[in-house]
Amino acid sequence: MRLILLLAIRYLFSKKSNNIINLISWISLLAISIITAAFIIIISVMNGFTSVVSDLYNSVEPDIKISPAKGKYFNADNVLPLLKNNNDIQFIAKTISNQALVKHGQKQLLVSIKGVDTLFTKVTQAKSIIQKGTFALKENNLYYAVIGQGIANELDINLSNQFSPIILYSPKRIKNTGTNTDVINEKAIYVSGIFSINDDFDYKYMFCDIQFAQDLFDAENLISSLELSVKNPSNINKVQEQLKQTLGKNFVVKNREELNDVLFKTLQTEKLWTFIILSFILIIATFSIISALTMLIIEKQQDIQTLYALGAHKQMIESIFMVEGFLITFGGALTGLILGILICLIQIHFHIITFNENSILPYYPVELQWQDVILVVVVLLVIGFLAAIYPVRFFTKEIKWRR
């Protein structure tokens, strides 16, 4: 094996009679290096964006959410006793959600109101998304709301200049059938804070105290969901299965990823297709390896005959050129991996590439995942093997083996 490696290295670095063979070999190595580096960088950037999106959604989503299988509301007193014996649960927050019409001055907007209790900020990291003001929902018997930046823009709400509250309207759950026409609940509330996640949330959601929301929606002592935090994040799936068995078919129990399954499946699908496209580009780049090995085998026919005459068997001679193909692939892969990882680490620590000032993110997020690096190496080795085996097996058949 050592002799095979030495001969393969000699054929790779020695000067050929036709310089084009050397040129093609080095072009192959360079192409694989660049594509490998691009492979690592692009996948790492996608990982970074996925983590950013995940963190943004995780800030307002619990580890586990329990909601009724049918209907909007349920009584928490019927469910909470079933959860108290589970030692893996850390906090349980009550929430109620529904849509309401919000009016400020002459402007109005239909938004999703989410009433939460005091444990909501312990179940989630909702305070981390506040851009202006504070996450205060009740102070001195006065109720406040935290709204999205999009809602604030649409309704012209300025925290530093609030002369009038916002008015919320919601239909009563039980409609009157007599002469009483009072079928709409109307409540006023001031804004204490403005949050920003993305347009889906910023133009849609408003947080308020759960008691305020229950009065608005005419749902006294009722809630829409129980939101849980788990002591050990690695036990989330186990706790979820336990709750499903405990609560039965009357409730839906979802973890954080399932609450936004479309989003995360889309991100994973994009990453998969990016990986496939880059693999095809890598396959195209390996055609140059096929060309280099083919020309080398043709040029070295006299050397092949000499080795064969000295006692080298056919499999050994084929192995020499196979190893050379691996050397080109491995050399390019190693160079590309070092370059790609180095660029990723520079961006992670020094944030060289930035966004403009109006962007939510100050710089391109990069997350280097070693399982991706290993997968790229495996793909490279497989493609390199397939690229080398064809010219070696095909063109050595054309050689007249004689001693």
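In this predicted model, helix H10 is the main contributor to the lining of the second largest pocket, giving 6 residues. Helix H2 (19–58), helix H8 (236–247) and helix H9 (256–259) also each supply at least two residues of that lining. The second largest pocket holds about 430 Å³ of space. Its lining comprises 21 residues, and Ser54, Arg256, Glu257, Phe264 and Gln268 are the closest to the pocket centre. By class, this lining has 4 nonpolar, 9 polar and 8 charged residues.

H10 spans residues 261–285, and helix H11 covers residues 287–299. The two helices pack at an angle of about 20°, with their axes 4 Å apart. H10 therefore runs roughly parallel to H11, because angles under 35 degrees are counted in that class. On the H10 side, the contact is made by Ile283, Ile284 and Ala285. On the H11 side, Phe287, Ser288 and Ile289 take part. The contact of H10 with H11 is made up of 5 nonpolar residues and 1 polar residue, with no charged residues.

Lys271 is also found in helix H10. The residue is buried, at a relative accessible area of 16%, because the cut-off for burial is under 20%. Beyond the four nearest places in sequence, Lys271 touches Ile43, Met46 and Asn47. Gln369 and Asp372 are also among its contacts. Ser170 lies 101 residues from Lys271 in sequence. The C-alpha atoms of Lys271 and Ser170 are 42 Å apart.

The largest pocket has a volume of about 510 Å³. A total of 22 residues line this pocket. Glu61, Lys65, Ser97, Lys114 and Tyr205 lie nearest its centre. The lining draws at least two residues from each of strand E1 (64–68), strand E2 (89–104) and strand E3 (107–116). Helix H6 (199–202) and strand E9 (205–209) likewise each supply at least two. The lining of the largest pocket divides into 8 nonpolar, 8 polar and 6 charged residues.

Two residues were examined in the stretch from strand E6 to helix H5. Tyr143 belongs to strand E6 (residues 142–148). Tyr143 is partly exposed, with a relative accessible area of 23%. With residues up to four places away left out, Tyr143 touches Leu137 and Lys138. Its contacts also include Ile189, Tyr190, Asp209, Gln211 and Phe212. Ala188 is 45 residues from Tyr143 along the chain. The C-alpha atoms of Tyr143 and Ala188 are separated by 8.8 Å.

Ala152 is located in helix H5 (residues 149–155). At 2% relative accessibility, Ala152 counts as buried. Outside its neighbours within four places in sequence, Ala152 contacts Ile147, Ile157 and Ile194. Phe195 is 43 residues away from Ala152 along the chain. A distance of 9.5 Å separates the C-alpha atoms of Ala152 and Phe195.

The loop between helix H7 (210–216) and strand E10 (225–230) contains Asp218. Ile223 lies in the loop between H7 and E10 as well. Ile223 is buried, at 1% relative accessibility, whereas Asp218 is partly exposed, with a relative accessible area of 29%. Setting aside neighbours within four places, Ile223 is in contact with Lys72, Tyr73, Phe74 and Ala76. Further contacts of Ile223 are Lys94, Thr95 and Ile96, together with Ile210 and Gln214. Ile223 and Asn75 are 148 residues apart in sequence. In space, 6.3 Å separates Ile223 from Asn75, C-alpha to C-alpha.

Backbone geometry was examined at two positions. Most residues other than glycine have a negative phi. Asp218 has a positive phi, near 55°. His351 also has a positive phi, near 50°. His351 is placed in the loop between helix H13 (314–350) and helix H14 (370–397). The residue is partly exposed, with a relative accessible area of 28%.

Definitions and conventions: Residues are numbered from 1 along each chain as its sequence is written. This is a predicted model: local features need pLDDT of at least 70, side-chain atom pairs count only at pLDDT 80 or more; totals for chains, interfaces and linings use all residues. Side-chain values use heavy atoms; hydrogens and water are left out. Axes are lines fitted to C-alpha atoms, for helices over the stretch in contact, and angles run from 0 to 180 degrees between N-to-C directions. Angles under 35 degrees count as roughly parallel, over 145 as roughly antiparallel, 65 to 115 as roughly perpendicular and the rest as oblique. Contact means heavy atoms within 4.5 Å. Ala, Val, Leu, Ile, Met, Phe, Trp, Tyr, Cys and Pro count as nonpolar, Asp, Glu, Lys and Arg as charged, and the others, Gly among them, as polar. Buried means under 20% relative accessible area, exposed over 50%, partly exposed in between (1.4 Å probe, protein chains only). On a 1 Å grid over the protein atoms alone, a cavity is a set of points where a 1.4 Å probe fits but cannot get out, and a pocket is an open set with protein on both sides within 12 Å along at least five of seven lines; lining residues have an atom within 4 Å of a point. Grid points are joined across faces, edges and corners, and a volume is the space filled by probe spheres set on the points.
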